[in-house]
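Work through these short exercises with the model open. Try each task before you read its solution.

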There are 6 protein chains.
Amino acid sequence: TFDKKNEKDEVGIVRGLAWTSVGGDTLEIEVNVMPGKGEFKLTGQLGDVMKESAQAGISYIRSVSEQYQIPDDFFTRHDIHIHIPEGAVPKDGPSAGVTMATAMLSAITGKKVRADVAMTGEITLRGRVLPIGGLKEKTLAAKNAGIRTVCVPGKNEKDIEELSAEIKKDLEIVYADTIEDILKIAFVKE
Amino acid sequence: TFDKKNEKDEVGIVRGLAWTSVGGDTLEIEVNVMPGKGEFKLTGQLGDVMKESAQAGISYIRSVSEQYQIPDDFFTRHDIHIHIPEGAVPKDGPSAGVTMATAMLSAITGKKVRADVAMTGEITLRGRVLPIGGLKEKTLAAKNAGIRTVCVPGKNEKDIEELSAEIKKDLEIVYADTIEDILKIAFVKE
Amino acid sequence: TFDKKNEKDEVGIVRGLAWTSVGGDTLEIEVNVMPGKGEFKLTGQLGDVMKESAQAGISYIRSVSEQYQIPDDFFTRHDIHIHIPEGAVPKDGPSAGVTMATAMLSAITGKKVRADVAMTGEITLRGRVLPIGGLKEKTLAAKNAGIRTVCVPGKNEKDIEELSAEIKKDLEIVYADTIEDILKIAFVKE
Amino acid sequence: TFDKKNEKDEVGIVRGLAWTSVGGDTLEIEVNVMPGKGEFKLTGQLGDVMKESAQAGISYIRSVSEQYQIPDDFFTRHDIHIHIPEGAVPKDGPSAGVTMATAMLSAITGKKVRADVAMTGEITLRGRVLPIGGLKEKTLAAKNAGIRTVCVPGKNEKDIEELSAEIKKDLEIVYADTIEDILKIAFVKE
Amino acid sequence: TFDKKNEKDEVGIVRGLAWTSVGGDTLEIEVNVMPGKGEFKLTGQLGDVMKESAQAGISYIRSVSEQYQIPDDFFTRHDIHIHIPEGAVPKDGPSAGVTMATAMLSAITGKKVRADVAMTGEITLRGRVLPIGGLKEKTLAAKNAGIRTVCVPGKNEKDIEELSAEIKKDLEIVYADTIEDILKIAFVKE
Amino acid sequence: TFDKKNEKDEVGIVRGLAWTSVGGDTLEIEVNVMPGKGEFKLTGQLGDVMKESAQAGISYIRSVSEQYQIPDDFFTRHDIHIHIPEGAVPKDGPSAGVTMATAMLSAITGKKVRADVAMTGEITLRGRVLPIGGLKEKTLAAKNAGIRTVCVPGKNEKDIEELSAEIKKDLEIVYADTIEDILKIAFVKE
Ligand SMILES: [Ca+2]
Ligand SMILES: [Ca+2]
Ligand SMILES: [Ca+2]
Ligand SMILES: [Ca+2]
Ligand SMILES: [Ca+2]
Ligand SMILES: [Ca+2]
Ligand SMILES: [Ca+2]
Ligand SMILES: [Ca+2]
Ligand SMILES: [Ca+2]
Ligand SMILES: [Ca+2]
Ligand SMILES: [Ca+2]
Ligand SMILES: [Ca+2]
């Protein structure tokens, strides 16, 4: 059974998209930010590529922290924990990069993320969004979960164009070249 | 032989439920909180998924610490040790998540946990309770151990409904969507 | 050849009992407590289960330290080293738990342990004593070593009852449900 | 499809060259320098040889820091993160040494690196540039990416001379014996 | 060819005895003590059992440090390095325990060790000397190296008695039950 | 092709000798000493034996630091990095011990090392030089690299005597029993 989108917009929870040879699924990424001493925890049976992807994301956020009014000593005085349920299912690959970065920045800044947005894409240290695979399965999973807007890498535009009109009906597709393109869509307008 | 429930309500000891292909069993999770420097120890041959589950639980507790009047520096000035006897038996999986979280919060706050309550369910970083497997075997094991109330994930309601009336007789089933739903039941009323 | 019991009561040395498919043996657990910075060393080719068992024991002791007049900062200002000769022989399992805990508490408090007492049993974080195997072989080994009193888990009572009168002759069997039951017997009366 | 060169000169991004048995490719190395405590992070599925190569590069930079007006305590008060997208593709070998060193020094000093320069070569602890393999495939990949200037080790001069005039047309080849030879070319003139 | 004994008594160098299926050999254990922060280094391709044996030895020395006028903060303000040449040859087993302990105490106290003494025996945390194997090969190797006095565990007395008079001719055999028995012989009289 | 000797005497760069079943080669060991906090880095795909050999060398240097006017806190206030190009080639064995020690002491003291000297030999913690293998191949490689003086262990004298006059022509062979014997030759006279 497909997981449904969350019922309300929340801080630190963002919907990602995953796919395997047997189909797509959504996965919900949770981030807690706590007073601490700069530890960075990653749980939910994440593989090496996914962990490195999270590290690229947090380094990107640190490098643009001024732009988001994050205090200089924030990262040494807080712990950040990323968890991806379901805890027994191994997860890997770079395509949750943008989702983890969005969830972290939401948790750090306290900005809510729209519950009806899902996203997929590799993130680089400089915030660029790189293309990923499984667009068809992921788009379908997003739709079944009740998602309205899906952010995908700009360089996947051709893959999206090849999808049937049926799949894309009632789904807004946003092309992102940088994580900033995604944040503009995903964060709830205050 | 089945382990029996504890004779009295205690602080930092909570009854969980486990199952294997050969049947269900209860397992008692013990937590000690000691003056220390923020170490988090996990013993009793716990597998990776179970250890990550404990980390999700403690991060959840840290994120709601104000609500439980836990001082700001509590977690850097204490060590927390979770142990699951029997020490030679390997244990794994996410389904002890709610049990470990309840035992930790009991040990931290000094609130007693009811000896006649058992529980099972994956916990997420945000305190949500996710469905798990083996409901039939676990329910039976709880009953044989003398348990009166079993907390299960709300999303396992259908699995419980399929159980025979015989198994459910004299057992109170509590459906939990969040760990707070469980804590309301498990903590002894003062 | 069987190892003989020690000739005199000592601080920090306690006799445990082990068994393999080819018979039982006694093993002497040594503990040194030194001024230090809180390190916990375990040597003598101990396996994972045995090391976790030692950690459960030390956490138990830390949780009851007031009751033994152990100063608050004792554990951060001392190193504790558990060694089990013969150093080339791999050892594992939870059944030396009570022996290691007794040896540590002896070394910490300076109380002597009776040389004619041996013991076996899993210890939990809360000081409960859980049943173990190999009672026949262990009891025989204790006897051959010149031991007078053997402490065993209360839940092994049935196993002891099944032993021949021959084996039990001249041996005092003490049933313990908690480590405190053992300490009352093992520490030399002052 | 070949990756194209960046559109504009940037700080901390440098184009390297890679090759496998099936052909050459360019790879973009990203470096972020952040206020921190001296951590050195390497992500993008880098192998051991490549990680050691990065360490040789940073030690070289530290040993010549005065020459670049880098403050004495810079390296203990900042974290340096090297990331090489695409995060799921394993990368290894010493030939990205000069590229990583150039990207790090750019990020540390704030000097821009020319987007139309690519480079390849092993770096030693003392800043010497050692020869590497795959010159033909790498040169071709640089050309296809729109690169104008390629820096190669001086000791690879013979390999370059053996390339067809076709490949070298419109490409400036710079021979480097030390990393300083490369920096003179790669850094944008202010 | 057999290694010869050292030509003069030195501080921190002690001759041990080893044996393999193809014969015995002597091995020289070197210890340096340096101003530092309490690190304990073990090099020369030592196996786990041998490393633990060294740890038992240093803990023993720390526990009797007062008796040797070693200042209270000595072990946190110095680093201790044990090295056993020949660095490419793997070494293991508990029988170098007494040798490593003697070399460490010599280096710590500055007392010279007799060059014509060799020793073998397992050491326990409490300084007891336990029996080891290979006495015939070890004794022969000591003799060939020009050693005059060999310290062996008291519990190996029977093994020594079984050796031919030929082997024992001109060799003084000292039986040791504790490491103190060895130190009395090995340290040069001042 | 054989690597040639360096053109000029340098600080922290020393020529070693290696051999494999297919012949000998020289290898250049580079050492940087940087302000830091006592880290010791070893790169260039060094195996365990070679890393331990480097540790023996640095401990030796620390133990004789007064003799070289090295300040007491030098080693806690600097990082030392040993790198052996070519970074992709695995290297191991104890025979680079004297070379690494010489390069380190050169980098620490700022004394230049003669570019026309090469050396080989295991170093012990006490600065003794132990014999190694491959003398024929190593000597030949030194000669081909343009080396004038080769330092070898005194205990390899017989191996050198067996070499043909042809190989030894124009090569000065220096026999070393201790690293000090080598330093006297290798350091440039001021
Ligand atoms: Ca799912
Ligand atoms: Ca992908
Ligand atoms: Ca059970
Ligand atoms: Ca489950
Ligand atoms: Ca024995
Ligand atoms: Ca057992
Ligand atoms: Ca590519
Ligand atoms: Ca290469
Ligand atoms: Ca030898
Ligand atoms: Ca032995
Ligand atoms: Ca070479
Ligand atoms: Ca060799």
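Two strands count as paired if DSSP finds at least two bridges between them. Keep in mind that this is a predicted model.

**Exercise 1. Strand pairing in chain F**

Task: Find which residue stands opposite Ala18(F) in β3(F), and describe how the strands around it pair.

Solution:
- Start with the two strands. Strand β2 of chain F covers residues 13-20, and strand β3 of chain F covers residues 23-35.
- Check their direction. β2(F) and β3(F) run antiparallel, and eight bridges join them.
- Pick out the partner. Asp25(F) in β3(F) is the residue opposite Ala18(F).
- Look at the link. Two residues form the hairpin connection from β2(F) to β3(F).
- Now turn to another partner of β2(F). Strand β7 of chain F, residues 117-119, pairs with β2(F) in the parallel sense, over two bridges.
- Name an opposite pair there. Gly16(F) faces Met119(F) in β7(F).

**Exercise 2. The setting of Asp79(C)**

Task: Decide whether Asp79(C) is buried or exposed, and say what its side chain reaches.

Solution:
- Place the residue. Asp79(C) sits in strand β4 of chain C, which spans residues 78-83.
- Apply the cut-off. Buried means under 20% relative accessible area. Asp79(C) has 4% relative accessibility, so it counts as buried.
- Follow the side chain. It comes to 2.9 Å from the backbone nitrogen of Lys37(C).
- List the neighbours, leaving out residues up to four places away in sequence. Within chain C, Asp79(C) touches Asn32(C), Val33(C), Met34(C), Pro35(C), Gly36(C), Lys37(C), Gly38(C) and Glu39(C).
- Add the contact from another chain. Asp79(C) also touches Arg62(E).

**Exercise 3. How the copies are related**

Task: Work out what kind of axis relates chain A to chain B, and which residue of chain A comes closest to it.

Solution:
- Recall the principle. A rotation about an axis and a shift along it relate two copies of a chain.
- Read off the operation. A turn of 60° with a shift of 0.0 Å along the axis lays chain A on chain B, with an RMSD of 0.0 Å.
- Name the axis. This is the relation of a six-fold axis.
- Find the residue. Lys37(A) comes closest to the rotation axis, its C-alpha being 12 Å away.
- Compare the surfaces. The copies use different ones, as 4% of the contact residues of chain A recur in chain B.
- Repeat with chain D. Here a turn of 60° and a shift of 0.1 Å along the axis superpose chain A with an RMSD of 0.0 Å.
- Finish with the interface. Only 6% of the interface residues of chain A are also interface residues in chain D, so these copies meet through different surfaces.

Key. Residues numbered from 1 in each chain as written. Chains lettered and ligands numbered in written order. Predicted model: local features only at pLDDT ≥ 70, side-chain atom pairs only at ≥ 80, totals over all residues. Heavy atoms only, no water. Least-squares fit on C-alpha atoms with pLDDT ≥ 70 in both. Contact = heavy atoms within 4.5 Å. Helix = DSSP H or I, 4+ residues; strand = E, 2+ residues; numbered from the N terminus. Buried < 20%, exposed > 50% of the residue type's maximum accessible area, 1.4 Å probe, protein only. Polar contact = N/O pair within 3.5 Å; in protein donor to acceptor, adjacent residues only side chain to side chain.
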